[in-house]
Amino acid sequence: MFTRTCSRVHSAKWGAAVGYVFVLGGGGAIGAYQAGALQTLAEAGVTPASLVGCSVGALNAAYFGANPSPERARALIHFWQAEATRAVLSPSLLDRFRGAPAVLRRGDALLDQRPLRDLLNRSLEAHDLSELAVPLTVTTTCLDCGEAVHHTSGPLADILIASCSLPGLLSPVRLADGHQHVDGGVVCGVPVQAALDGAGPDDVVLVLDAGLAPVTGLPGRCAAGPDPQSGCGLPIHPELPYTAPVERASARVLDVVLRSFTVARAVANRAAVRDALGDPRVRVLPHLADAWSAGHLRTMPTGPRDFSRTGDLMDAGRAATAAWLTRGGLTSAPAEAPARRHLP
(Lines give C-alpha, C1' and ligand atoms only; values in the text may rest on other atoms or scores of the structure.)
Protein backbone atom coordinates (compact mmCIF):
# COMPACT_ATOMS: atom_id res chain seq x y z
CA MET A 1 0.00 0.00 0.00
CA PHE A 2 1.32 3.45 -0.87
CA THR A 3 0.54 6.96 0.22
CA ARG A 4 0.92 10.05 -1.89
CA THR A 5 3.75 11.50 0.19
CA CYS A 6 7.06 9.69 0.09
CA SER A 7 8.09 10.49 3.66
CA ARG A 8 5.39 8.47 5.44
CA VAL A 9 5.42 4.82 6.48
CA HIS A 10 3.16 2.96 4.04
CA SER A 11 0.99 1.08 6.51
CA ALA A 12 -0.74 1.26 9.84
CA LYS A 13 1.45 0.99 12.91
CA TRP A 14 2.62 -2.46 13.90
CA GLY A 15 0.33 -2.65 16.91
CA ALA A 16 0.46 -2.18 20.66
CA ALA A 17 2.28 -5.41 21.57
CA VAL A 18 5.57 -4.80 23.38
CA GLY A 19 8.60 -6.18 21.60
CA TYR A 20 11.99 -5.58 20.05
CA VAL A 21 12.19 -3.58 16.85
CA PHE A 22 15.43 -4.24 14.96
CA VAL A 23 16.85 -1.46 12.77
CA LEU A 24 19.46 -2.74 10.30
CA GLY A 25 21.37 -0.01 8.51
CA GLY A 26 23.16 -0.23 5.18
CA GLY A 27 26.88 -0.62 4.70
CA GLY A 28 27.84 -3.00 1.90
CA ALA A 29 30.39 -5.57 3.04
CA ILE A 30 29.92 -4.49 6.67
CA GLY A 31 26.61 -6.35 6.52
CA ALA A 32 28.66 -9.41 7.51
CA TYR A 33 29.30 -7.81 10.91
CA GLN A 34 25.56 -7.28 11.22
CA ALA A 35 24.92 -10.96 10.44
CA GLY A 36 27.23 -11.97 13.29
CA ALA A 37 25.39 -9.66 15.68
CA LEU A 38 22.03 -11.14 14.64
CA GLN A 39 23.31 -14.63 15.37
CA THR A 40 24.32 -13.68 18.91
CA LEU A 41 20.99 -11.95 19.55
CA ALA A 42 19.01 -14.91 18.25
CA GLU A 43 20.99 -17.42 20.31
CA ALA A 44 20.42 -15.25 23.39
CA GLY A 45 16.65 -15.36 22.74
CA VAL A 46 16.42 -11.73 21.61
CA THR A 47 14.21 -11.89 18.54
CA PRO A 48 12.39 -9.11 16.67
CA ALA A 49 8.70 -8.34 16.75
CA SER A 50 9.39 -6.22 13.67
CA LEU A 51 12.29 -5.22 11.46
CA VAL A 52 13.30 -2.06 9.62
CA GLY A 53 16.12 -2.29 7.09
CA CYS A 54 17.95 -0.35 4.43
CA SER A 55 20.23 -1.54 1.63
CA VAL A 56 22.31 -4.53 2.78
CA GLY A 57 20.53 -4.25 6.14
CA ALA A 58 17.27 -4.85 4.28
CA LEU A 59 18.76 -8.00 2.72
CA ASN A 60 19.78 -9.29 6.15
CA ALA A 61 16.39 -8.37 7.59
CA ALA A 62 14.47 -10.14 4.81
CA TYR A 63 16.55 -13.29 5.16
CA PHE A 64 16.37 -13.35 8.96
CA GLY A 65 12.74 -12.17 9.08
CA ALA A 66 11.54 -15.28 7.27
CA ASN A 67 12.12 -17.20 10.51
CA PRO A 68 13.96 -15.26 13.23
CA SER A 69 15.48 -18.28 14.95
CA PRO A 70 19.06 -19.29 15.85
CA GLU A 71 18.95 -21.76 12.96
CA ARG A 72 17.98 -19.07 10.48
CA ALA A 73 20.66 -16.74 11.88
CA ARG A 74 23.27 -19.44 11.30
CA ALA A 75 21.91 -19.91 7.79
CA LEU A 76 22.44 -16.18 7.25
CA ILE A 77 26.08 -16.67 8.25
CA HIS A 78 26.40 -19.40 5.60
CA PHE A 79 24.70 -17.08 3.10
CA TRP A 80 27.43 -14.50 3.67
CA GLN A 81 30.16 -17.12 3.41
CA ALA A 82 28.89 -18.53 0.11
CA GLU A 83 30.95 -17.77 -2.97
CA ALA A 84 27.74 -17.14 -4.95
CA THR A 85 26.79 -14.34 -2.55
CA ARG A 86 30.20 -12.73 -2.75
CA ALA A 87 30.19 -12.93 -6.54
CA VAL A 88 26.94 -10.97 -6.67
CA LEU A 89 27.62 -8.42 -3.92
CA SER A 90 31.24 -7.85 -4.92
CA PRO A 91 31.48 -8.15 -8.72
CA SER A 92 34.92 -8.59 -10.24
CA LEU A 93 36.73 -6.11 -12.45
CA LEU A 94 35.89 -8.37 -15.40
CA ASP A 95 32.20 -7.94 -14.60
CA ARG A 96 32.71 -4.18 -14.50
CA PHE A 97 34.35 -4.15 -17.91
CA ARG A 98 31.54 -6.30 -19.27
CA GLY A 99 29.07 -3.79 -17.89
CA ALA A 100 30.73 -0.76 -19.45
CA PRO A 101 29.05 -1.12 -22.88
CA ALA A 102 25.67 -1.31 -21.12
CA VAL A 103 26.39 2.01 -19.42
CA LEU A 104 27.17 3.57 -22.76
CA ARG A 105 23.94 2.20 -24.23
CA ARG A 106 21.57 2.88 -21.33
CA GLY A 107 23.42 5.54 -19.40
CA ASP A 108 21.99 4.47 -16.02
CA ALA A 109 24.10 1.70 -14.44
CA LEU A 110 27.30 -0.27 -14.69
CA LEU A 111 26.01 -3.62 -13.45
CA ASP A 112 23.15 -5.87 -14.42
CA GLN A 113 20.65 -6.32 -11.59
CA ARG A 114 19.64 -9.83 -12.73
CA PRO A 115 22.32 -11.70 -10.71
CA LEU A 116 21.07 -10.00 -7.53
CA ARG A 117 17.48 -10.80 -8.42
CA ASP A 118 18.38 -14.46 -9.05
CA LEU A 119 20.20 -14.62 -5.70
CA LEU A 120 17.20 -13.20 -3.87
CA ASN A 121 14.77 -15.55 -5.61
CA ARG A 122 16.93 -18.53 -4.61
CA SER A 123 17.38 -17.38 -1.02
CA LEU A 124 13.95 -16.02 -0.10
CA GLU A 125 10.68 -17.92 -0.30
CA ALA A 126 8.38 -14.91 0.12
CA HIS A 127 7.25 -13.02 -2.95
CA ASP A 128 5.64 -10.04 -1.21
CA LEU A 129 7.19 -8.01 1.59
CA SER A 130 4.09 -8.61 3.71
CA GLU A 131 4.50 -12.42 3.56
CA LEU A 132 7.52 -12.61 5.88
CA ALA A 133 7.02 -14.14 9.32
CA VAL A 134 8.12 -10.88 10.97
CA PRO A 135 6.81 -7.52 9.68
CA LEU A 136 9.55 -5.82 7.72
CA THR A 137 9.82 -2.21 6.59
CA VAL A 138 12.33 -1.53 3.81
CA THR A 139 13.65 1.94 3.10
CA THR A 140 14.36 3.24 -0.39
CA THR A 141 15.00 6.72 -1.79
CA CYS A 142 12.47 8.07 -4.25
CA LEU A 143 14.58 9.42 -7.08
CA ASP A 144 11.73 11.59 -8.31
CA CYS A 145 10.96 13.41 -5.05
CA GLY A 146 14.26 12.97 -3.16
CA GLU A 147 12.70 11.60 0.02
CA ALA A 148 12.95 8.37 1.99
CA VAL A 149 10.13 5.88 1.42
CA HIS A 150 9.36 3.13 3.93
CA HIS A 151 7.69 0.08 2.40
CA THR A 152 5.75 -2.61 4.29
CA SER A 153 4.22 -4.41 1.31
CA GLY A 154 4.90 -4.95 -2.37
CA PRO A 155 7.10 -7.23 -4.52
CA LEU A 156 9.90 -8.31 -2.21
CA ALA A 157 12.68 -8.67 -4.78
CA ASP A 158 11.86 -5.36 -6.47
CA ILE A 159 11.88 -3.43 -3.19
CA LEU A 160 15.08 -5.05 -1.94
CA ILE A 161 16.88 -4.40 -5.21
CA ALA A 162 15.71 -0.78 -5.13
CA SER A 163 16.98 -0.40 -1.58
CA CYS A 164 20.40 -1.70 -2.70
CA SER A 165 20.60 0.17 -6.00
CA LEU A 166 23.60 2.36 -5.44
CA PRO A 167 23.31 5.07 -8.10
CA GLY A 168 25.62 4.30 -10.99
CA LEU A 169 26.07 0.63 -10.08
CA LEU A 170 22.50 -0.65 -10.38
CA SER A 171 19.61 0.85 -12.31
CA PRO A 172 16.78 2.63 -10.47
CA VAL A 173 13.74 0.44 -9.91
CA ARG A 174 10.25 1.65 -10.80
CA LEU A 175 7.96 0.48 -7.99
CA ALA A 176 4.19 0.28 -7.70
CA ASP A 177 3.86 3.96 -6.82
CA GLY A 178 5.06 4.78 -10.33
CA HIS A 179 8.29 6.39 -9.11
CA GLN A 180 11.89 5.34 -9.62
CA HIS A 181 13.67 4.27 -6.42
CA VAL A 182 17.34 3.87 -5.50
CA ASP A 183 19.43 3.00 -2.46
CA GLY A 184 17.72 4.10 0.75
CA GLY A 185 21.10 5.11 2.12
CA VAL A 186 21.13 8.19 -0.11
CA VAL A 187 19.08 10.00 2.55
CA CYS A 188 18.13 7.46 5.26
CA GLY A 189 20.64 4.63 5.59
CA VAL A 190 19.80 3.87 9.25
CA PRO A 191 15.99 4.33 9.46
CA VAL A 192 15.67 4.81 13.22
CA GLN A 193 12.88 7.36 13.01
CA ALA A 194 10.77 5.08 10.81
CA ALA A 195 11.13 2.38 13.47
CA LEU A 196 10.12 4.78 16.24
CA ASP A 197 7.10 5.95 14.26
CA GLY A 198 5.84 2.37 14.12
CA ALA A 199 6.90 1.19 17.58
CA GLY A 200 4.74 1.12 20.69
CA PRO A 201 5.50 3.24 23.77
CA ASP A 202 7.05 0.28 25.60
CA ASP A 203 8.90 -1.28 22.67
CA VAL A 204 12.69 -1.35 22.54
CA VAL A 205 14.37 -0.29 19.29
CA LEU A 206 17.71 -2.05 18.72
CA VAL A 207 19.92 -0.29 16.16
CA LEU A 208 22.64 -2.13 14.23
CA ASP A 209 24.63 0.46 12.29
CA ALA A 210 26.69 -1.22 9.55
CA GLY A 211 28.57 1.87 8.46
CA LEU A 212 32.34 1.87 8.22
CA ALA A 213 32.10 5.40 9.63
CA PRO A 214 29.09 4.83 11.92
CA VAL A 215 26.45 7.56 12.05
CA THR A 216 24.77 6.44 15.29
CA GLY A 217 27.58 7.25 17.70
CA LEU A 218 27.21 9.92 20.36
CA PRO A 219 30.09 12.09 21.61
CA GLY A 220 31.72 10.43 24.61
CA ARG A 221 29.72 7.25 24.11
CA CYS A 222 31.11 5.86 20.87
CA ALA A 223 34.57 4.71 19.86
CA ALA A 224 34.22 6.64 16.59
CA GLY A 225 33.26 9.90 18.26
CA PRO A 226 35.29 12.70 19.81
CA ASP A 227 36.78 11.88 23.23
CA PRO A 228 35.34 8.35 23.38
CA GLN A 229 34.72 6.92 26.83
CA SER A 230 33.25 3.60 25.75
CA GLY A 231 32.28 1.64 22.70
CA CYS A 232 28.46 1.79 22.84
CA GLY A 233 28.68 0.20 26.28
CA LEU A 234 31.92 -1.74 25.75
CA PRO A 235 35.20 -0.94 27.50
CA ILE A 236 37.68 0.36 24.98
CA HIS A 237 41.47 0.08 24.92
CA PRO A 238 43.30 3.43 24.71
CA GLU A 239 45.94 1.79 22.52
CA LEU A 240 43.30 0.94 19.89
CA PRO A 241 41.93 4.31 18.79
CA TYR A 242 39.49 4.06 15.94
CA THR A 243 39.95 5.91 12.69
CA ALA A 244 37.65 5.04 9.82
CA PRO A 245 39.79 3.50 7.06
CA VAL A 246 40.34 5.55 3.96
CA GLU A 247 39.63 3.52 0.86
CA ARG A 248 42.62 3.04 -1.40
CA ALA A 249 43.16 5.99 -3.66
CA SER A 250 42.33 5.35 -7.29
CA ALA A 251 42.05 7.44 -10.40
CA ARG A 252 39.22 5.29 -11.74
CA VAL A 253 36.08 7.33 -12.23
CA LEU A 254 33.85 4.71 -10.58
CA ASP A 255 35.96 4.54 -7.41
CA VAL A 256 36.02 8.32 -7.08
CA VAL A 257 32.24 8.50 -7.48
CA LEU A 258 31.61 5.70 -4.96
CA ARG A 259 33.94 7.18 -2.36
CA SER A 260 32.34 10.60 -2.78
CA PHE A 261 28.91 9.04 -2.38
CA THR A 262 30.02 7.31 0.84
CA VAL A 263 31.12 10.66 2.31
CA ALA A 264 27.94 12.48 1.29
CA ARG A 265 25.73 9.67 2.55
CA ALA A 266 27.40 9.71 5.98
CA VAL A 267 26.70 13.43 6.38
CA ALA A 268 23.03 13.01 5.41
CA ASN A 269 22.55 10.03 7.68
CA ARG A 270 24.07 11.65 10.75
CA ALA A 271 21.56 14.45 10.40
CA ALA A 272 18.71 11.96 9.88
CA VAL A 273 19.36 9.95 13.05
CA ARG A 274 20.53 12.63 15.47
CA ASP A 275 17.19 13.46 17.09
CA ALA A 276 15.94 9.87 17.07
CA LEU A 277 18.91 8.63 19.11
CA GLY A 278 17.66 10.59 22.12
CA ASP A 279 14.43 8.58 22.31
CA PRO A 280 14.43 6.44 25.51
CA ARG A 281 13.27 3.41 23.51
CA VAL A 282 16.48 3.33 21.45
CA ARG A 283 19.48 1.11 22.19
CA VAL A 284 22.46 1.31 19.83
CA LEU A 285 24.42 -1.93 19.66
CA PRO A 286 28.22 -1.90 19.31
CA HIS A 287 29.25 -1.28 15.74
CA LEU A 288 32.49 -1.72 13.87
CA ALA A 289 34.31 1.13 15.60
CA ASP A 290 33.40 -0.23 19.02
CA ALA A 291 34.39 -3.77 18.10
CA TRP A 292 37.80 -2.55 16.92
CA SER A 293 38.47 -0.37 19.96
CA ALA A 294 37.33 -3.13 22.34
CA GLY A 295 39.73 -5.60 20.73
CA HIS A 296 37.15 -7.82 19.02
CA LEU A 297 38.31 -7.13 15.45
CA ARG A 298 41.73 -8.18 14.20
CA THR A 299 41.78 -6.51 10.79
CA MET A 300 39.77 -3.65 9.38
CA PRO A 301 38.14 -3.74 5.95
CA THR A 302 39.38 -1.07 3.59
CA GLY A 303 35.88 0.07 2.69
CA PRO A 304 32.24 -0.98 2.26
CA ARG A 305 33.16 -2.88 -0.91
CA ASP A 306 35.95 -4.95 0.70
CA PHE A 307 34.53 -8.47 1.01
CA SER A 308 37.87 -10.06 1.94
CA ARG A 309 37.22 -9.61 5.69
CA THR A 310 33.83 -11.33 5.89
CA GLY A 311 34.91 -13.98 8.41
CA ASP A 312 36.59 -11.46 10.72
CA LEU A 313 33.58 -9.15 10.54
CA MET A 314 31.12 -11.90 11.48
CA ASP A 315 33.33 -13.00 14.39
CA ALA A 316 33.56 -9.41 15.60
CA GLY A 317 29.80 -8.91 15.35
CA ARG A 318 29.21 -12.00 17.47
CA ALA A 319 31.83 -11.11 20.08
CA ALA A 320 30.94 -7.44 20.47
CA THR A 321 27.22 -8.17 20.75
CA ALA A 322 27.81 -10.94 23.31
CA ALA A 323 29.92 -8.56 25.40
CA TRP A 324 27.24 -5.87 25.11
CA LEU A 325 24.54 -8.23 26.33
CA THR A 326 26.72 -9.43 29.20
CA ARG A 327 27.28 -5.83 30.29
CA GLY A 328 23.53 -5.15 30.38
CA GLY A 329 23.11 -3.40 27.07
CA LEU A 330 19.42 -4.26 26.92
CA THR A 331 18.62 -3.11 30.43
CA SER A 332 20.91 -0.11 30.95
CA ALA A 333 19.61 3.40 30.45
CA PRO A 334 20.18 4.72 26.93
CA ALA A 335 22.62 7.51 26.28
CA GLU A 336 21.15 10.98 25.98
CA ALA A 337 21.55 12.66 22.64
CA PRO A 338 23.75 15.76 22.73
CA ALA A 339 21.97 19.07 22.69
CA ARG A 340 21.66 20.68 19.28
CA ARG A 341 23.52 23.87 18.63
CA HIS A 342 21.23 26.70 17.58
CA LEU A 343 22.83 28.98 15.07
CA PRO A 344 22.11 32.69 15.40
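Buried here means under 20% relative accessible area, and by that cut-off helix 2, residues 56-65, is mostly covered, with ten of its ten residues buried. Keep in mind as we go that this is a predicted model.

Let's stay with helix 2 for a moment. The buried residues in helix 2 are V56, G57, A58, L59, N60, A61, A62, Y63, F64 and G65. One of its packing partners is helix 1, residues 31-43: the two pack at an angle of about 35 degrees, and their axes are 10 Å apart. Helix 1 passes helix 2 in a right-handed crossing. On the helix 1 side, the contact is made by G31, Q34, A35, L38 and A42, while helix 2 brings V56, G57, N60 and F64.

Helix 2 also gives us a way into the interior. If you set aside neighbours within four places in sequence, L160 is in contact with A58, L59 and A62, and also with L120, L124 and V138. L160 belongs to the largest nonpolar core, which has 71 residues, and together with F22 and W80 it is among those with the most contacts inside that core. Apart from this core lies another, of 20 residues, and V21, V215, V282 and V284 are among its members.

V138, one of the contacts of L160, takes us to strand 3. Strand 3 covers residues 136-142 and is largely enclosed by the rest of the structure, because seven of its seven residues are buried. Both of its faces are covered: L136, V138, T140 and C142 are buried on one side, and T137, T139 and T141 on the other.

So which strands pair with strand 3? Strand 2, residues 48-54, pairs with strand 3 in the parallel sense over four bridges, and here G53 stands opposite V138. Strand 4, residues 148-151, also pairs with strand 3 over four bridges, but in the antiparallel sense. In that pairing V138 has H151 as its bridge partner. The hairpin of strands 3 and 4 has five residues between the strands, and in it G146 takes a positive phi near 70 degrees. Then there is strand 6, residues 180-183, which runs antiparallel to strand 3 and is joined to it by three bridges. T140 stands opposite D183 in that pair.

Back in strand 2, have a look at P48, which is found in this strand. Is P48 buried or exposed? P48 has a relative accessible area of 8%, so it counts as buried. Not counting residues up to four places away in sequence, P48 touches Y20, F22, F64, P68 and V134. F64 is a residue we have already met in the contact of helix 2 with helix 1, and F22 was named among the best-connected residues of the largest core, those with the most contacts inside it. P48 also points us to another part of the chain: P48 and V204 are 156 residues apart in sequence, yet 9.7 Å apart in space, C-alpha to C-alpha.

V204 lies in strand 7, residues 204-208, where five of the five residues are buried, so to speak a mostly covered strand. As with strand 3, both faces are covered. V204, L206 and L208 are buried on one side of strand 7, and V205 and V207 on the other. Strand 1, residues 20-24, runs parallel to strand 7, with five bridges joining the two, and V21 stands opposite V205. Strand 8, residues 282-284, pairs with strand 7 in the parallel sense too, over three bridges. There V207 stands opposite V284. V21 and V284 both came up earlier, among the residues of the 20-residue core.

One last stop is the cysteines. A disulfide is a covalent bond between the sulfur atoms of two cysteines. The structure holds zero disulfides. C54 is in no disulfide, and the nearest cysteine sulfur, that of C188, is 6.6 Å away. C54 has 0% relative accessibility and so counts as buried. C164 is in no disulfide either, with the sulfur of C54 as its nearest cysteine sulfur, 8.0 Å away. C164 is buried as well, with a relative accessible area of 14%.

Technical notes. Residues are numbered from 1 along each chain as its sequence is written. This is a predicted model: local features need pLDDT of at least 70, side-chain atom pairs count only at pLDDT 80 or more; totals for chains, interfaces and linings use all residues. Side-chain values use heavy atoms; hydrogens and water are left out. A nonpolar core is a set of buried Ala, Val, Leu, Ile, Met, Phe, Trp, Tyr and Cys residues joined through side-chain atoms within 4.5 Å. Buried means under 20% relative accessible area, exposed over 50%, partly exposed in between (1.4 Å probe, protein chains only). Contact means heavy atoms within 4.5 Å. Two strands pair if DSSP finds at least two bridges between them. A disulfide is a pair of cysteine sulfur atoms within 2.5 Å. Axes are lines fitted to C-alpha atoms, for helices over the stretch in contact, and angles run from 0 to 180 degrees between N-to-C directions. A crossing is left-handed if the near helix is turned anticlockwise from the far one by less than a right angle, and right-handed if clockwise.
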